[in-house]
Structures are given as C-alpha cells and as structure tokens.
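Welcome, and thanks for taking a look at this one with us. Below is a short briefing to read side by side with the model.

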Amino acid sequence: RMFATRSVRLVTSTRVTRNSIRRGSSCGGSTTLTADDIEKKLRENFKVEQIYVQDTSGSGSFFKIGIKSPDFNGLSKVKQHQAVNKVLKEEISLIHGLQLETLGSETE
C-alpha cells in the first residue's frame, strides 16, 4: 500500500459544508463525481509518482487521496495540501469532505 513504510502518517481532513455532490453535465443531466475524475485532474496538474484516490463514501461525497510528487519537494505539509486544494477547488465545492496525504519525492 502506498506510503506504508512511513512510521508517521500526516493526514488532514478538509470538510466542506455544501451538501451537493452532483454536477451538471454538458447534456443537461447530472453525474456523480468519481475517484477517476479526481485522479485525472491531479495527474494533469502534478508530476505524479504515486497516487491513490478512493471514494470512501461509495456515493461520491467523501474521498481519501494520497499523492507523491516531486512538485511537493521543499514545501511544508500545509503548502502541499494548499496546492492540492487549489487544483481541486471545484471538486471540493461539490463534496462533503476529503482526507489528504501528500509526500514529496524526496520522502521515503
């Protein structure tokens, strides 16, 4: 499992108060946000070495994300999480919450 060799896991939670987990599609319908949607966006914006995105709610309302990227090298954990939150700003507004773990590539 990703990051399993670390003795200390730094995990933060971001709670979003908006209850809506739906987003409109171009066809006028709605679709549920998926783990694949989030993973694709993260891969488009970061140099990803390892990643996992899990829909822990099963309904698209709460996600667990782990990402290892050299883009996080030299950044504090807070700055790493802020970078991910900035990329996922729209998605975060559609979900109830997320659990985020980030690592720079310099971290074993």
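The notes that follow go from the overall fold to single helices, pairs and residues.

Please keep in mind that this is a predicted model. The protein has three helices and six strands, and buried residues account for 37% of its 108 residues. Four salt bridges and one aromatic pair are present, and several of these join parts of the chain that we can follow below.

**Overall fold**

- Reading from the N terminus, you will meet the elements in the order β-β-β-α-β-β-α-α-β.
- Of the contacts between residues at least 6 apart in sequence, 65% join residues at least 24 apart.
- About 6,300 Å² of the protein is exposed, with carbon and sulfur atoms supplying 48% of that area.

**Helix α1 and its two sides**

- Helix α1 covers residues 35-45, and its buried residues are A35, I38 and L42.
- Viewed down the axis of α1, these buried residues fall within an arc of 70°, so they line one face of the helix.
- What do the buried residues of α1 pack against? Their partners are β4, β5 and α2.
- On the face turned away from the buried side, α1 carries the exposed residues D36, K40 and E44.

**Salt bridge within α1**

- E39 and R43 form a salt bridge through their side chains, at 2.9 Å from N to O.
- The two residues are four apart in helix α1, so about one helical turn separates E39 from R43.
- E39 has a relative accessibility of 22% and therefore counts as partly exposed.
- R43 is also partly exposed, because its relative accessibility is 44%.

**Salt bridge between α1 and α3**

- The side chains of K41 and E91 meet in another salt bridge, with an N to O distance of 3.4 Å.
- This pair links distant parts of the chain, since E91 sits in helix α3 (residues 89-92) and K41 in helix α1, 50 residues apart.
- Which side of the burial cut-off does E91 fall on, buried or exposed? Its relative accessible area is 8%, so E91 is buried.
- K41, on the other hand, is partly exposed, with a relative accessible area of 21%.

**Salt bridge between two loops**

- D71 and K47 make a salt bridge as well, with 3.5 Å from N to O between their side chains.
- Here too the pair links distant parts of the chain: D71 belongs to the loop between β5 and α2, K47 to the loop between α1 and β4, and they are 24 residues apart.
- D71 is partly exposed, at 27% relative accessibility.
- K47 is exposed, because its relative accessibility of 58% lies over the 50% cut-off.

**The aromatic pair**

- The structure holds one aromatic pair, in which the ring centres of F46 and F72 are 5.2 Å apart and the ring planes stand at 50°, so the pair is tilted.
- F46 lies in the loop between α1 and β4, while F72 lies in the loop between β5 and α2, so the pair ties together parts that are 26 residues apart in sequence.
- Both of these phenylalanines, F46 and F72, are buried.
- It is worth viewing this pair together with the D71 and K47 salt bridge, which links the loop between β5 and α2 to the loop between α1 and β4.

**S69 in strand β5**

- S69 is part of strand β5, which spans residues 62-69.
- Why does S69 count as buried? Its relative accessibility is 0%, and buried means under 20%.
- Beyond its neighbours within four places in sequence, S69 is in contact with F46, K47, L103, G104 and S105.
- Two of those partners have appeared above: F46 is in the aromatic pair with F72, and K47 is in the salt bridge with D71.

**G58 in the loop between β4 and β5**

- G58 is found in the loop between β4 and β5.
- With a relative accessibility of 65%, G58 counts as exposed.
- G58 and A35 are 23 residues apart along the chain, and their C-alpha atoms are separated by 10.0 Å.
- A35 is one of the buried residues of α1, whereas G58 is exposed.

Notes. Residues numbered from 1 in each chain as written. Predicted model: local features only at pLDDT ≥ 70, side-chain atom pairs only at ≥ 80, totals over all residues. Heavy atoms only, no water. Buried < 20%, exposed > 50% of the residue type's maximum accessible area, 1.4 Å probe, protein only. Contact = heavy atoms within 4.5 Å. Areas by Shrake-Rupley, 256 points an atom, 1.4 Å probe, with all protein chains shown as cover. Phe/Tyr/Trp six-rings, centres within 6.5 Å; stacked < 30°, edge-to-face > 60°. Arc of directions from axis to C-beta.
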